[in-house]
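Colleague: I am new to this structure and should be grateful for a close look at a single part of it, namely the nonpolar core and the elements of chain B around it.

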Amino acid sequence: MNFDDTPQEAAFRETARAWIAANAPKQYEDELRKSSLGRTQLKNANILEVAKGWQKKKAGAGWACLHWPKEYGGRGSSPIERVIWQQEEGPFGQLSRMFIIGHGMCGPTMMAFAREEHKRAYLPPLASGEKVWCQLFSEPAGGSDVAGLRTRAEKDGDEWIINGQKIWTSGAHCSDYGILLTRTDPTVPKHKGLTMFFLDMKSPGVEVRPIKQASGASDFNEVYFTNVRIPDHQRLGEVGDGWNVSLTTLMNERSAIGAAVSTGFPELFEYCSSLMLNDGPAIEDRAVRSKLANWAVKASGLKYTSMRAISALSKGERPGPENSIGKLVAGSMIQDVATYALDLQGASGVISGPEDAEVAGRFQAMLLRAPGTRVEGGTDEIMRNIIAERVLGLPGDIRVDKDVPFNKIPTKGR
Amino acid sequence: MNFDFSDDQKQLRDQARKFLTEKCSPKAVRAVLDGKAPYDKELWKGLAEMGFLGVAIPEDFGGAGAGHLELCVIAEEMGRANAPVPFSSTVYLAAEALLIAGSDAQKKKWLPAIASGEAIGTLALFEGSGNPSPKTIKLTAANGVLNGVKKPVADGAVADFAVVAARTGSSRRDGDISLFIVDLKAGGVEVKSLTNLDPTRGQAEITFRDCKAESLGAAGEGWSILTQVLDRAAVLCAFEQVGGSDRALEMGRDYALDRIAFGRQIGSFQAVKHMLADMYVSATLARSNSYYGAWALSTNAGELPEAAAAARISATQAFQHCAKNNIQVHGGMGFTWEFDCHMYYRRANAMALGLGSLSYWEDQLIDRMRKKNAA
């Protein structure tokens, strides 16, 4: 049992570290290091431009999408090399956030199902951050129940005509392309009538409207499709096989190993270490210490769970199912942590403006953003179902709509 | 990076699991639970023959000389099997205290006897309610004899010797505490068994009256040695707790698959599934924290104090959580004497206290994290 790199891993780390030291946008390092959930803006620069600049530089030197094949803009690296890169990239990895959907979900789906000429044309500019992609799955009528989506695709010669609405589309407002899951046959059970496409987000009939979130910010969008035309050669997978195609995408969403999940704990520990309460330092208060200790072991538990998965990668093995707990644990923890930080501030915890609030309002921003983390990419409840079914082998839910033609499924509760 | 046990260690785990499945069935555990014997003597003998009692004891002292990672592996299996033997008192506490502070003669006298199963040892630390602290120790040592009362002492009624924490100075500071070894069969002690939460592991009150004792380690070093012993034992107990958590989770999962109610497997109800998923989450966090503790223990790393406290807290919580919800999944049947669920519930809650309760370890963890941050 050890934390040491193999000689090859150490050599790779050295190369990565040297390149990052010479090339990273260091003027933003401090700000990026201090960023936390709900607070990832740069004061004097547009983070989107900084992110695109960093991604382009990485791509130019072969450090973008490391695990992708070289011909598609990657480096052909092993999974463990990708993890080492993430460790070394550190705070600059925050800049990759806007590419997560494209690189983590759209890219792998294109790689698995697109035609070769499309892969060669679309993947390299996706890897280099020149083009941004989004994922158009969720709908008002299909969130956790993605297969309940209603956006229609109807064949017209060599084209498909799309009508409908998507929602919760991260980054659609700055995306060039998207992968789109549609219903092509409403007369068969819901999982069987779906088909996947990719499309140009600038196509006529595509309208993007930002959603104002509960936090006040707008990371997500609604996307409307009115008679949008997509050529058939942009179809991904067979007609009616869209559900299986989407599973490839979703599997990639949930399996990003080594990607640090945000728990809020380091921020809270730092805060409590200097905070004074009425009776003395917060860190010497019995109740505060108990809370901190309980979150500390969750944070360290997640860290070492991730180390176990990385070890499996290092040995060339498939990681076990342990990593599926990360999002579930971190999501509700960061919400609790933020709530508690405000509790410690007493009445002044209500102040959220960065100029007047405690520690520039970082915990207020965290609190307001946190509910989203427990919903996006699979709600807490879906994550528990996944653990129960795939890890523990418990039966799937009884699905009353499983064998019913989609157009016969009730659409109203009462 | 290889943050995992080696293939040899995994093989040892399989071997231990096979052995314990055979020799430590729930029926065997029940024999002790029902008071038919104070511990399972046959199993104890078998553990010695397998080399498990001395797995981390150097060969020079009659052990297998393997190491602490191997001991972690055995500990997990002992917890899984809910073994009714004085393993943790003898191997994690007494033997580790000897390894840390024993003279050559003391090691020669006791360690081979531990490895061969001839001697059962324990640590006599507590004196009534309260968590580990030099302030709570009133038992005195003067002129080579001890006077005072220790309670509770784990496995005290079956132990052959005890490492005893005693007061050798009058202030309330760490430096006034020293450790002693007492041959409990040599007189000067009165031992009384105490009824406790987990009858598969005895607890006792030991009264020392002008009892002859030998110093263990330097005078005034007692508290510092004890802290090290407790840290090591925290990691090793964490592995027992991880083993127990996994077993309780499996029992709950299996019952949820077998039991039909409302015309379907109860494991198909989300309320039950989510409860089991949360148990898996706790058990996984505990396992990962314990692996880190194992790494720190086996390499004697400076991180051990922090890692041990984290493993202790996480594994204690996980075992309590899994044992309690295992009963809940079983419903009424889980609350019967006949089903095995309560044996894990008892063990989980007894283990949560034995080395000091959660509030003690929470304090330790925060102190240690602060120390690290300051450094």
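Modeller: What follows is an account of the core, then of a helix and a strand in chain B, with a short look at chain A at the end. The model is a predicted one.

The largest nonpolar core comprises 234 residues. Ala97(B), Val164(B) and Leu276(B) have the most contacts inside this core. Its greatest contributor is helix H7 of chain B, residues 222–258, which supplies 18 residues. In soluble globular proteins, nonpolar side chains tend to be buried together.

Leu276(B) may be examined in more detail. When its neighbours within four places in sequence are left aside, Leu276(B) is in contact with residues of both chains. From chain A these are Ala388(A), Leu392(A) and Leu394(A). From chain B they are Leu249(B), Gly252(B), Arg253(B), Ala256(B) and Val329(B).

Helix H10 of chain B, residues 341–354, also packs against H7 through its buried residues. The other elements that these residues pack against are helix H2 (26–33), strand E3 (145–154), helix H9 (304–330) and helix H11 (358–374) of chain B. The buried residues of H10(B) include Cys341(B), Met343(B), Tyr344(B) and Tyr345(B), and Arg347(B), Ala348(B), Met351(B), Ala352(B) and Gly354(B) are also buried. The helix has 14 residues, and the distance from its first C-alpha to its last is 20 Å, close to the 20 Å expected at 1.5 Å a residue. After H10(B) comes Gly356(B), with a positive phi near 105 degrees.

Strand E1 of chain B, residues 121–124, is covered on both faces. Gly121(B) and Leu123(B) lie on one side, Thr122(B) and Ala124(B) lie on the other, and all are buried. In a regular strand the side chains alternate between the two faces of the sheet. E1(B) pairs in the parallel sense with strand E4 of chain B, residues 161–167, over four bridges. Within this pairing, Leu123(B) stands opposite Val163(B).

Chain A offers a helix and strands to set beside these. Helix H10 of chain A, residues 326–345, has 20 residues and should therefore span 28 Å at 1.5 Å a residue, which agrees with the 28 Å between its end C-alpha atoms. Just after H10(A), Gly346(A) has a positive phi of about 65 degrees. Strand E7 of chain A, residues 221–231, runs antiparallel to strand E3 of chain A, residues 159–167, with eight bridges joining them; here Glu159(A) has Pro231(A) as its bridge partner. E7(A) is also joined, by five bridges and again antiparallel, to strand E6 of chain A, residues 206–210, where Val206(A) is partnered by Phe225(A).

Conventions
Residues are numbered from 1 along each chain as its sequence is written. Chains are lettered from A and ligands numbered from 1 in the order in which they are written. This is a predicted model: local features need pLDDT of at least 70, side-chain atom pairs count only at pLDDT 80 or more; totals for chains, interfaces and linings use all residues. A nonpolar core is a set of buried Ala, Val, Leu, Ile, Met, Phe, Trp, Tyr and Cys residues joined through C-beta atoms within 7 Å. A residue is buried if 20 or more other C-beta atoms lie within 10 Å of its own, exposed if 12 or fewer, and partly exposed in between; C-beta atoms are placed from the backbone. Helices (H or I, at least four residues) and strands (E, at least two) are DSSP runs, numbered from the N terminus. Two residues are in contact if their C-beta atoms, placed from the backbone, lie within 7 Å. Two strands pair if DSSP finds at least two bridges between them. The expected span of a helix is 1.5 Å times one less than its number of residues.
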